[in-house]
Amino acid sequence: MKKFKKQKNGKNNLSDRQTLVSEIENESLCMLAHAEQMQKKMTEIYPQLPKEENAEKIQNYAASLKRTTKNLAKACMKIYKAGDELSARSKDMEIQKKWEKRHVAMPANTVIDLYEDGANHFFAKGLSAYKLLLIFFAGSFVGVMVEMLWCLARYGYLESRAGLVYGPFNPLYGAGAVLMTVCLYRFRNHGAWISFFGSMLIGGGVEYFCSWGQEFVFGSRSWDYSDMPFNINGRICLLYTFFWGFLGVFWIKRIYPLLSKWILKLPNRMGKIITWMIVIFFIVDIASSGVAMFRWTQRIERIAPANQFWEFVDERFPDERMERVYANMEFSKEK
């Protein structure tokens, strides 16, 4: 089925290595030879066109060539996908081995896939709801940490990038992590370029929608790229869209398999309990953040608390605390 051959020529001397030639490659060479023969045959068919008795035969032959073109195009796409996936899996395994030499656990997606296929682990196989919830929590935390470190590296100081009043969490990053995982999961074992452009579209879309939603509901913005080149309404810009692309590749190729490895270590029952505990915490955190944000906008408009509950909110979440949590938030002039 497979054979080896040595290629020797002046420019590309491969005498010191062997090149694998698959059966399908040999067949493709035969197909190229057939195509050349077909082109020569055309010179015999063209003179027959003026003869009416050959018209139907020639039309059928032309239709057959068109069908052949479609079949070959489908075959080329399938072969390309297979080659791209095999190459990507091989490169990911090489990267895993390099990390292992440094005593760093950085599994490849191929290893996670094989483990999930062979393990009797129903808690977080594939893209189960439990795994996506844990990815949401992890993304909410990691995103805030990365942006805080970016702020420190760029401006020399630490500043809150949280989106909730309790803990360093931002649902925007969690939603982005889940959306990227769902959309890029099928391409996790393919070339990085697919994940890169997919992440640009996903990250930019999520960022734009969240910016619009925040301004629509609360009349405020947490980021504004109006001074950046190639921006759209100040909500997204080309530079940070590229960052989303690189982040998406790093996420699906490196962070996702590592996170999956940790998640799969959780026992089924314990994993479900931990997940639901975090879900309850996030529900309370998101609800508290929404109430605190709503009351903050009212205080800016000089609206007095309507009852004891809102007085408690004012005491619990005063302006000073909200400004620390949402350091970059700016309210529109209409508010």
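Me: Buried means under 20% relative accessible area, exposed over 50%, and partly exposed in between (1.4 Å probe, protein chains only); what, then, makes Asp 319 partly exposed?

Reply: Asp 319 has a relative accessible area of 28%, and because this value lies between the two limits, the residue is called partly exposed. The model is a predicted one, in which local features need pLDDT of at least 70 and side-chain atom pairs count only at pLDDT 80 or more, while totals for chains, interfaces and linings use all residues. Residues are numbered from 1 along each chain as its sequence is written, and side-chain values use heavy atoms, with hydrogens and water left out.

Me: How do you know that Arg 299 and Asp 319 meet in a salt bridge?

Reply: The side chains of Arg 299 and Asp 319 come to 2.7 Å, N to O, and a salt bridge is a side-chain nitrogen of Lys or Arg within 4 Å of a carboxyl oxygen of Asp or Glu, so the pair qualifies. The two residues belong to distant parts of the chain, 20 residues apart, with Arg 299 in helix H8 and Asp 319 in helix H10 (residues 319-325); helices (H or I, at least four residues) and strands (E, at least two) are DSSP runs, numbered from the N terminus. Salt bridges with shared partners join Arg 295, Arg 299, Asp 314 and Asp 319 into one network.

Me: What makes the pair of Arg 299 and Asp 314 a salt bridge, and are its ends buried or exposed?

Reply: The closest N and O atoms of Arg 299 and Asp 314 are 2.7 Å apart, which meets the distance condition. This contact also links distant parts of the chain, from helix H8 (residues 268-300) to helix H9 (residues 308-316), across 15 residues. Arg 299 has a relative accessible area of 18% and is therefore buried, and Asp 314, at 18% relative accessibility, likewise counts as buried.

Me: Why are Arg 89 and Glu 85 separated by about one helical turn?

Reply: They are separated in this way because they lie four residues apart in helix H2 (residues 55-101). Their closest N and O atoms are 3.0 Å apart, and they form a salt bridge, in a structure where a search of the whole finds 11. Arg 89, with a relative accessible area of 23%, is partly exposed, and Glu 85, at 25%, also counts as partly exposed.

Me: Why is the pair of Phe 281 and Phe 282 called edge-to-face?

Reply: The structure holds 21 aromatic pairs, and rings of Phe, Tyr and Trp (its six-membered ring) pair if their centres lie within 6.5 Å, planes under 30 degrees apart counting as stacked, over 60 as edge-to-face and the rest as tilted. Tyr 240 and Phe 243, three residues apart in helix H7 (residues 238-264), have a relative accessibility of 16%, which makes Tyr 240 buried, and of 35%, which makes Phe 243 partly exposed. The rings of Phe 281 and Phe 282 have their centres 5.9 Å apart and their planes at 80°, so that pair is edge-to-face. Phe 282 is buried at 4%, whereas Phe 281, at 36%, counts as partly exposed. Both belong to one aromatic cluster, which includes Phe 136 and Phe 169.
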